[in-house]
Amino acid sequence: MTYPTQPEASHFVNGRYVEDTDGTPMDVIYPATGEVVARLHEATPAIIDQAIESARAAQADWAALSGTERGRVLRRAADLMRERNHELSVLETMDTGKPYQETSVADATSGADALEYFGGLAGSLTGEHIPLPGGDWAYTIREALGVCVGIGAWNYPTQIACWKAAPALACGNAMIFKPSETTPLCALKVAEILIEAGLPAGLFNVVQGAGAVGAPLTTDPRVDKVSLTGSVPTGRKVYAAAAEGIKHVTMELGGKSPLIVFDDADIEDAVGGAILGNFYSSGQICSNGTRVFVQAGIKEAFLKRLTERLSTAVIGDPLDEATNFGPMVSEAQLGIALNYVAAGQEEGARLVTGGTRIDKPGFWMTPAVFADVTDDMAIAREEIFGPVLSVLDFTDEDEVIARANDTEYGLAAGVFTSDLKRGHRVIGRLEAGTCYLNSYNDAPVEMPFGGVKASGVGRENSKAAIEHYSQLKSIYVRMGAVEAPF
Ligand code: NAD
């Protein structure tokens, strides 16, 4: 079932694989075993320069095609991704450690959705006609931004590459994508597929490396836009660097999202939502509802069902289709999550289940549930990005809304209740960019995704993403004489 993980070369620039062994070596580690599965090199300044130059050279001709022609390439790429879903899913599992049970339905498939959706939209991207007094009129032209840089996190390497590349390319831009240094393999496959689908060389380049490779891309004057998926601290740096050059930005950052369960909720659905919102991808999802506020009347019943259902988690070989809980992405991320488990216990939260390192090679821990968590505890305030769920008690609607909003983050929020008026009322008052009612963590390409407050700027997916990868040129047309004062 495994596939070769060592790519032909580290980077993909101007339509082909390129290597520069002067770059710092980067080991790619399979999180399930700790084994090195590929060895790459970080991009040198020469590689970064080639990537930017080839993107600039290719962009104008691409933008001059009709949207329908651009869309055809993206839709062909979507078909190739779906045909190769199995192979791509195995690679995603090797890159991230996420179980094949997840990767086979959530990664290349979601990337293909984005390519198909924006491919379909590309032919409809237009400006508008604006009638004005005296027979004058104006029109707008929707233009590409130019060269866009995408910088990815490690949890969804295929999806992040496609969520950024698809709208960027649909609008007529070129993209240079820098994957996370932890998961560099999948974006190279996206590049291969785009070229095979007919994308001209230079329009989707992949350069590898850590922040030191990302940073010059955010300041280079030849770059017009930076789209980051990453943590808030990195977001602050990248946003500031891009602001210096007055570049466009999209910031998809971290969160500490609330999931509110009222006592009239369907408990099975609410527990299901809490599981999806805390343990899918071993908890390494930005929008996770890690602060689970449970109304007092159903707290014990909720905890009982949650614990029972968690005990059926299948933790094992991620490539085995029965496995539904995999390892953490790295030793460092495992250490962060385990430290938060220790901090929660020290601060007086009750560890109901899990939270221990599994004694085998790789980066494994059991999914953790804390009860009796209070708002001031570190596990309730800070993003953990691991499988650590905190249950907080509440009694009253106004109280829970105030507590849910008492955070610098605002990525997502969920409400479980049978009272739909209450559900909509509460969601109307929650400070979050992406909300779920009686569900959690759905991200269809048709729906805008993104955060408010420190969780981000801009939106990915849906028609909203078009606004972030294009700009309007306004043209005033005078039909009569020009009246000047002298
Ligand atoms: P990170 O912030 O450590 O790194 C993100 C990316 O930024 C990496 O590719 C990294 O190399 C790069 N980078 C770091 N410093 C840089 C700099 N100075 N200039 C340019 N690039 C730089 O995040 P991570 O640990 O890879 O991912 C986890 C974080 O990502 C979490 O906070 C999570 O919530 C967030 N995330 C957000 C979303 C979203 O859509 N909102 C999705 C997934 C992950």
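Start by selecting F394, which counts as buried at 1% relative accessibility (buried means under 20% relative accessible area, exposed over 50%, partly exposed in between, using a 1.4 Å probe and protein chains only). We will come back to F394 with its ring partner.

Before moving on, note that this is a predicted model: local features need pLDDT of at least 70, side-chain atom pairs count only at pLDDT 80 or more, and totals for chains, interfaces and linings use all residues. Residues are numbered from 1 along each chain as its sequence is written, and side-chain values use heavy atoms, with hydrogens and water left out.

**Stop 1: the ligand and its shell**

Select the ligand. Now show the 27 residues that surround it (a residue is near a molecule if one of its heavy atoms lies within 4 Å of it). Label the closest: G152, E181, S231, T234 and E383.

Colour the shell by class. You should see 13 nonpolar, 10 polar and 4 charged residues (Ala, Val, Leu, Ile, Met, Phe, Trp, Tyr, Cys and Pro count as nonpolar, Asp, Glu, Lys and Arg as charged, and the others, Gly among them, as polar).

Next, colour by domain. Domain 1 (11-253 + 455-473) and domain 2 (258-437) each give the shell at least three residues; these bounds come from an automatic or database domain assignment.

Which elements each supply at least two residues of the shell? Select α8 (211-219), β10 (225-229) and α9 (232-244). The largest share, 3 residues, comes from α8. Helices (H or I, at least four residues) and strands (E, at least two) are DSSP runs, numbered from the N terminus.

**Stop 2: polar backbone atoms at the ligand**

Zoom in on three backbone sites. The cut-off for a polar contact is a pair of N or O atoms within 3.5 Å. At A215, a polar backbone atom is 3.5 Å from a ligand nitrogen. At G230, a polar backbone atom is 3.3 Å from a ligand oxygen. At L253, a backbone N or O atom lies 2.8 Å from a ligand nitrogen. Taken alone, the ligand exposes 850 Å², and the protein buries 87% of that. Accessible areas come from the Shrake-Rupley method with a 1.4 Å probe; for residues, only the protein chains shown count as cover.

**Stop 3: aromatic rings**

Show the rings. The structure holds 8 aromatic pairs (rings of Phe, Tyr and Trp, its six-membered ring, with centres within 6.5 Å; planes under 30 degrees apart are stacked, over 60 edge-to-face, the rest tilted). Pick Y117 and F118: this pair is edge-to-face, 5.0 Å centre to centre, with 85 degrees between the planes. Y117 is buried at 19% relative accessibility. F118 is buried too, at 0%.

Now go back to F394 and add F262. Their pair is edge-to-face, with centres 5.4 Å apart and planes at 90 degrees. It links distant parts of the chain, 132 residues apart: F262 sits in the loop between β12 (258-261) and α10 (267-276), F394 in strand β16 (residues 388-394). F262 is buried, at 0% relative accessible area.

**Stop 4: two unusual backbone angles**

Most residues other than glycine have a negative phi. Select D372: its phi is positive, about 60 degrees, although it is not a glycine. D372 lies in the loop between β15 (368-371) and α13 (378-381). Is D372 buried, partly exposed or exposed? D372 is partly exposed, at 30%.

Then select S462, not a glycine either, with a positive phi of about 65 degrees. Its place is the loop between β19 (456-457) and α16 (464-467). S462 is buried, at 3%.

**Stop 5: a helix residue**

Finish at L310, in helix α11 (residues 299-310). L310 is buried, at 11%. Measure from its C-alpha to that of S282: the two residues are 12 Å apart in space and 28 residues apart in sequence.

Methods: A polar contact is a pair of N or O atoms within 3.5 Å; within protein, one must be able to donate a hydrogen and the other to accept it, and residues adjacent in sequence count only if both atoms are side-chain atoms.
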